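This report follows one strand and its surroundings, going from backbone pairing to packing and then to charged side chains. The sequence and structure are shown below for reference.

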Amino acid sequence: MSQLHMIKKRDKLLAIVIKSDYQCEGVDFLTPNEYSQQLAYMHHPTGKIIDAHVHNLVHRNLVLTQEVLFIKKGRLRVDFYDEYKDYLESCVLEEGDAILLASGGHGFKVLEEVEMIEVKQGPYSGDLDKSRFTGITDEEVVFKEG
């Protein structure tokens, strides 16, 4: 898998996978401005000053939960589905990888004991936040190169 992999169905972005060896200079915003969850990779030299700032109160209307996972340890298989719950493909995340789950559905299988950090919008709405469904079996897994 390439260092940066976009999971899409037609033109709809489902996820962005950032492998641990991804690099660029400066700031690379990976998400469109209209996404409710913004994701950027940043690489700055020693001594770079990032201006002190506060964030202004801006009212936003969120209708879709987007989440980011950071893999601290282990290996995690991610299975991607479109909004109709149709399976598309899978990928494996390892220590140091990150992923933005932007749309569609997803399921996970822990391949090696995993520790991860999840960031998403709140507040959490309990059972209203998601619709669960039966995912694929191990025999149905498809890995695609990006």
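In this predicted model, strand 5 and strand 6 form a hairpin with five residues between them, and Lys85, which lies in the turn, has a positive phi of about 75 degrees. The two strands of this hairpin pair in the antiparallel sense over seven bridges, and within that pairing Arg75 stands opposite Glu94 of strand 6.

Strand 5 also pairs in the antiparallel sense with strand 8 (residues 105-120), here over 13 bridges, with Ile71 standing opposite Met116 of strand 8. A further antiparallel pairing, over four bridges, joins strand 5 to strand 7, where Ala98 is the bridge partner of Phe70.

How much of strand 5 is covered? Eleven of its 15 residues are buried, so that the strand can be described as mostly covered, given that buried means under 20% relative accessible area.

The packing around this strand can be followed through the largest nonpolar core, which has 14 residues, and among them Val78, Phe80, Leu93, Ile99 and Leu101 touch the most other members. Two or more residues of this core are given by each of strand 2 (12-18), strand 5 (67-81), strand 6 (87-94) and strand 7 (98-101), and the largest share, five residues, comes from strand 5. For Val78, the contacts beyond its neighbours within four places in sequence are with Glu89, Ser90, Cys91, Leu93, Ile99, Leu101, His106, Gly107 and Phe108. A second, separate core has eleven residues, including Leu13, Cys24, Leu39 and Val68.

Nonpolar side chains are also found on the surface, where Val27, Phe29 and Met42 form a patch with about 300 Å² of accessible area together. Val27 belongs to strand 3 (residues 26-29), and its relative accessible area of 43% makes it partly exposed.

The charged side chains come next. Side chains of opposite charge can pair when their charged atoms come close. A search of the whole structure finds nine salt bridges, and the table lists some that involve strand 5.

| Salt bridge | Closest N to O distance |
|---|---|
| Glu115 and Lys73 | 4.0 Å |
| Arg77 and Asp79 | 2.8 Å |
| Asp138 and Arg77 | 3.0 Å |

What does the pair of Glu115 and Lys73 tie together? Glu115 lies in strand 8 and Lys73 in strand 5, so this salt bridge ties together parts that are 42 residues apart in sequence. Glu115 counts as partly exposed at 36% relative accessibility, and Lys73 likewise counts as partly exposed at 36%.

Are Arg77 and Asp79 buried or exposed? Arg77 counts as buried because its relative accessibility is 6%, and Asp79 counts as buried at 4%. The salt bridge of Asp138 with Arg77 links distant parts of the chain, with Asp138 in the segment after strand 8 and Arg77 in strand 5, 61 residues apart. Asp138, in contrast to the buried Arg77, is partly exposed, with a relative accessible area of 41%. Taken together with Lys109, the residues Arg77, Asp79 and Asp138 are linked in a network of salt bridges.

Conventions: Residues are numbered from 1 along each chain as its sequence is written. This is a predicted model: local features need pLDDT of at least 70, side-chain atom pairs count only at pLDDT 80 or more; totals for chains, interfaces and linings use all residues. Side-chain values use heavy atoms; hydrogens and water are left out. A nonpolar core is a set of buried Ala, Val, Leu, Ile, Met, Phe, Trp, Tyr and Cys residues joined through side-chain atoms within 4.5 Å. Buried means under 20% relative accessible area, exposed over 50%, partly exposed in between (1.4 Å probe, protein chains only). Contact means heavy atoms within 4.5 Å. Patches are made of residues with over 30% relative accessible area and no salt bridge: like charges are joined within 9 Å, nonpolar side chains (Val, Leu, Ile, Met, Phe, Trp, Tyr) within 5 Å. Accessible areas come from the Shrake-Rupley method with a 1.4 Å probe; for residues, only the protein chains shown count as cover. Two strands pair if DSSP finds at least two bridges between them.
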